[in-house]
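Welcome, and please load the model in your viewer. We will go from stop to stop, with something to select at each one.

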Amino acid sequence: MSRSLSYADAVRILGGQSQLLAAVNRAAGGFLLAATAGGSGLAMSLFDPKSELLRSTRTLVTDLADRIVGLNRIDRTQRLAAGHAALVLSAYFGALPAVGISGSDLVFLAGGNRPDGEHLGDLAQALLHSDVPVLTPHQPYEMLLGEIEQYYLRLSDAVRRFLDGLAAWENSGEADRERIVGALHGIVVERAMADYQSGFRRMADDVPEFGLWVNLLDHQATRRRVEELKVGVEALRESLAPWRPAVEKRTALSRAYTAALFDPVLDAESGDAGPSIPDIASSYINPSFRVAAVSPPDPIASEEWWAEVPAHDDLMRYLVGHLTSVQATAAPLLLLGQPGSGKSLLTRMLAATLPPDEFTVVRVPLRDVPADATIQVQIEQAIFDATGDRATWPEVVGVIPGALPVVLLDGFDELLQATGVSQWDYLQNVARFQKREAAEGRAVAVVVTTRTAVADRARPAPDTVALRLEPFADEQIAQWITIWNETNEVFFRGSGLRPLSPAAVTPHRDLASQPLLLLMLAIYDAQDNALAASADAEIDQADLYERLLSRFAWREVMKSAAGDSESNREALVEEELLRLSMIAFAGFNRGRQWVTEADLDADLPALLHTGFAAPATGVRRALGVGETVLGRFFFIHEARARRDGKALQTYEFLHATFGEYLGARAVERELADLVEDDLRQRRRSRVAPVDDDFLHALLSFSALSQRRTTLDFLTDRLAGWDDQRRSVLRAMLLALFQRALEPRERGRYADYAPAALSVPARHATYSANLVLLLVATGTPVTSDDLFPDADDRIEEWRRLTLLWRSQLRADAWSRLVGTVGVRRDWAGEERILRLFRDRYQPRADPPLSDPYWTRNVLTADKDYPEFRRGHFSWDQGDDRVRQWQANLHCDQFDDLAQHALEPLTTAIEDVVVSVHGYWADRSVSAAHSLITLWMRMSAGNDPDELFDAFRDAVDIALGGFAPHGAEARRIYRIIILNNLRDQRDRLGPARIAELRERLEDRSRRVNEPDDLAALTAEILNR
């Protein structure tokens, strides 16, 4: 099916070679099939309200409902698209007579001769062969109307150009020409738009698909809230009902998919006495969604970008509308959502419920098919996995002729992360597959699912539409809870537990808004109404995560250790959580949200061969491989793919904050163990170096600021410590920091290597993390604390931060900058830095610089007493050094600053490094003063503010710049004086006189080659 349709295409599709086609072609003067010169029948028909062209076109529209009776899905969609194109032209043909030209008038205008062949051919091309705007379900109705209006204006332009080609047109009166041209672009377009809209409403009443393609019942693009939420299967069947056949011919594929509808939503063991997991058919709640046409530049992985797209509630209506439109076979539909949002369940529900007489559906779980195979091979493998039959793709498509093939490629993100191979052209390959199939007469619709976070890893093909599933709203959460409670009515009655209530869930909307995580909360609450109890206690997120994860770990432990002692079971629970924490670090230290099974098989033995500090009981169990550890927890998502005949597996937490919390938990527990060891040593009057081998292993590969939520959790957990333990922790962290850059011997965890980092990079990362831990304790930290033995502690801090900047990745460095707050201050006459945890606000203004602090000038410089605030200026050095340094660093931010300053630095030497302290409360550079002046001149500031800027600049012009900078001073003075001359009217005579007197008086008292008084008089008197 072609997405582009012209009027000529529509006539062919609707009439074939019938008498109707012949009648329309005859009315068009032979131009329908070929736009060639010769004959004016087309032009004459346009302006005749009783023409055969208009009657025949309207017949195409009015008989449309009869023409699609009994048609298969593919032919039906094509006929409907053709009927819409005919409607668009019918409305225009019906409006054209409004210009007031009859057929006889046209002959008269032609002077009795045939119109110019070239102009007539252009008119035929525009009216009969140009593409008509196509209905697309993702497009708001008013946008479609806008496109049709522009199309009508282009048609009117073509008619006007045709009239220009008539010999008598130029000889007609100017008033007549203006009237006709005005009508073509005015009343003709207005009438055509009105006729189109009324015609479309009639077609939508007769043909259900039109109502699905564009929803006119909810005030165009504004979607109303549905009054009663329906589960996915019910809503889909309701959307299909108006045209769905009464009898279905089920295939082996559709039977397999239908049977899967009654599988539990989650393949998890709840135990004989536990709650029942609802099946897909009864529990799938339709989420809200956002949909938009996308192109390569669109940041579709960005939450901010999607926030600008309107949300809708009628998901099933949209999906049916999409699959019955010509858009579906032109490019893939990209279905996005968070982990646990229900993308895969939606594809399973579609595969089972779309009627097989209309749609031949093949669901392809990309985790289970060869990742490096072609799309067709992947499809055929999925067919075999579902049915056990070795059938080729053409054979499957041919089982029910005319049914639209629909391929559901589920899990592009799994394919991407499990293989670790770029799939940048994946969507384009899908579109090429669709184009090939259309050429073979097997037009196919394709849906590709992926996590939103990696949606930008594939370049969209032309005409790609993206649909993002939205988190559950309160009413959807409540509907799901109703289904859960109905499913487990017997369980609740037998156990004496209360059913789950929305009030217990909604305080945790960050979890409850994703269906799979909502299920996890429900299972958690079904143990002893724990969620309801936590809601009453108003616990914070960290406490909820601790209880939730501990409950699930306890649930797993009880399967094998129910007969153990209480203390033994508690130790086993702790060990489960510690292993999960190490899994969280496996991803964190690799800079990813996910890890492979191979990563875990390498990490867990290297980290846990002696383990964390042992629980009080000292209990240990044998370690298993990553799959064994992870497979027990259904809040961990397993992504699978196949490549080169091998199964590839990756794992990630369904909600990123689970891993971030576990990472914080691991660090806090290790710090607690180290503090307890220190306290025990003190009680025994023994002093021993802190054994930080394990802490170093965890925190020397990635900065904690990379995951600010981890740092938030850690800060919250440390806030619960008593003062004594926090004091010991602070002292311990400072001691570790002060030797963090020293050489380290190969420790017990030397085999742990999640990333290939150099020695300087690991030293930089570990020292940065120790500083982050210090500020996370909430206790004061200063440069004096960090460098107690240094002569120049600010210089030591500068060197340390340069090491961080050079060794951390660019994104890690930028996040560190936004996490560690630094306040420049004075301690007596010494400079000091006060460090704190900065809850980074991306648009917060950074502190203003203070050159006095930078130059270490409090009241008088110790080495140069003449440097006193309010009495001096200085040159910070050769500005070429700064510029060469930027060139050497190759840092993008340094380069941007250098680029911004180049117009100044190339015109005025040392304008950046010439700093002037004629004011006790501040000092400014010549460049700063000049830019401030220009901004106030351009921004329309108050005259007093502009005067203040000029006064600063005049002071610098009088005595600024180094003695060798005479030329720079002269250029600066000329710039200031020229600007002062141009701002005379804004400043007023009094202010100008004050500034001029200041210049001339000072210049008389300074003996220099540049006569400032003469220069002032010359420029200001112009």
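## Starting inside: the cavities

About 70 Å³ of space lies in the second largest cavity of this predicted model. To see its walls, select Leu5, Ala81, His84, Ala85, Val132, Pro133, Val134, Leu135, Trp213, Ser325 and Val326. Colour them by character and you get 9 nonpolar residues, 2 polar and no charged. Now show helix H6, residues 73–95, as a ribbon: H6 provides the largest share of this lining, with 3 residues.

Next, move to the largest cavity, whose volume is about 180 Å³. Its lining counts 21 residues, and the ones to centre your view on are Ile583, Ala584, Phe653, Gly659 and Arg707, which lie nearest the centre of the cavity. Three elements give two or more residues to this lining: helix H30 (566–588), strand E12 (646–653) and helix H33 (656–683). Which of the elements gives the most to the lining? Select H30, which contributes 5 residues. Coloured as before, the lining of the largest cavity splits into 11 nonpolar, 6 polar and 4 charged residues. In total, the count comes to 5 cavities of 30 Å³ or more.

A word on the approach: rolling a probe the size of a water molecule over the atoms shows where empty space is left.

## Helix H35 and its cover

Now select residues 708–719, which make up helix H35. This helix has 12 residues, and from its first C-alpha to its last it reaches 16 Å, close to the 16 Å expected at 1.5 Å a residue. Which residues of H35 are buried? Show side chains for Thr710, Leu711, Phe713, Leu714, Thr715 and Leu718 to see them. As you look along the axis, keep in mind that an α-helix has 3.6 residues a turn, so residues three or four places apart point the same way.

Bring in the surroundings next. The cover over the buried residues of H35 includes helix H29 (541–561), H33, helix H36 (723–738), helix H37 (759–776) and strand E15 (830–837). H33 is thus a familiar face from the lining of the largest cavity.

## Aromatic rings

Keep Phe713 selected and add Tyr545, Phe658 and Tyr661: together these four form one aromatic cluster. Across the whole structure, a search finds 17 aromatic pairs. For one of them, select Phe961 and Tyr972, an edge-to-face pair at 5.5 Å centre to centre with 65° between the planes. Phe961 sits in the loop between helix H45 (943–959) and helix H46 (966–982), while Tyr972 belongs to H46, 11 residues apart. Are these two residues buried or exposed? Both Phe961 and Tyr972 are buried.

## A loop residue

Then go to Thr392, in the loop between helix H19 (375–387) and helix H20 (393–397). Thr392 counts as partly exposed because its relative accessible area is 33%, between the limits of 20% and 50%. Draw a distance from Thr392 to Glu380: the C-alpha atoms are 6.0 Å apart, although the two residues are 12 apart in sequence.

## Zooming out

Finally, show the whole protein as a ribbon, with its 48 helices and 18 strands. Of its 1022 residues, 53% count as buried. If you compute a contact map, take contacts with a separation of 6 or more: residues 24 or more positions apart account for 75% of them.

Conventions
Residues numbered from 1 in each chain as written. Predicted model: local features only at pLDDT ≥ 70, side-chain atom pairs only at ≥ 80, totals over all residues. Heavy atoms only, no water. 1 Å grid on protein atoms, 1.4 Å probe; cavity = no way out; pocket = protein on both sides within 12 Å on 5 of 7 lines; lining within 4 Å. Points joined across faces, edges and corners; volume = space filled by probe spheres on them. Helix = DSSP H or I, 4+ residues; strand = E, 2+ residues; numbered from the N terminus. Nonpolar A, V, L, I, M, F, W, Y, C, P; charged D, E, K, R; others polar. Expected span 1.5 Å × (residues − 1). Buried < 20%, exposed > 50% of the residue type's maximum accessible area, 1.4 Å probe, protein only. Contact = heavy atoms within 4.5 Å. Phe/Tyr/Trp six-rings, centres within 6.5 Å; stacked < 30°, edge-to-face > 60°.
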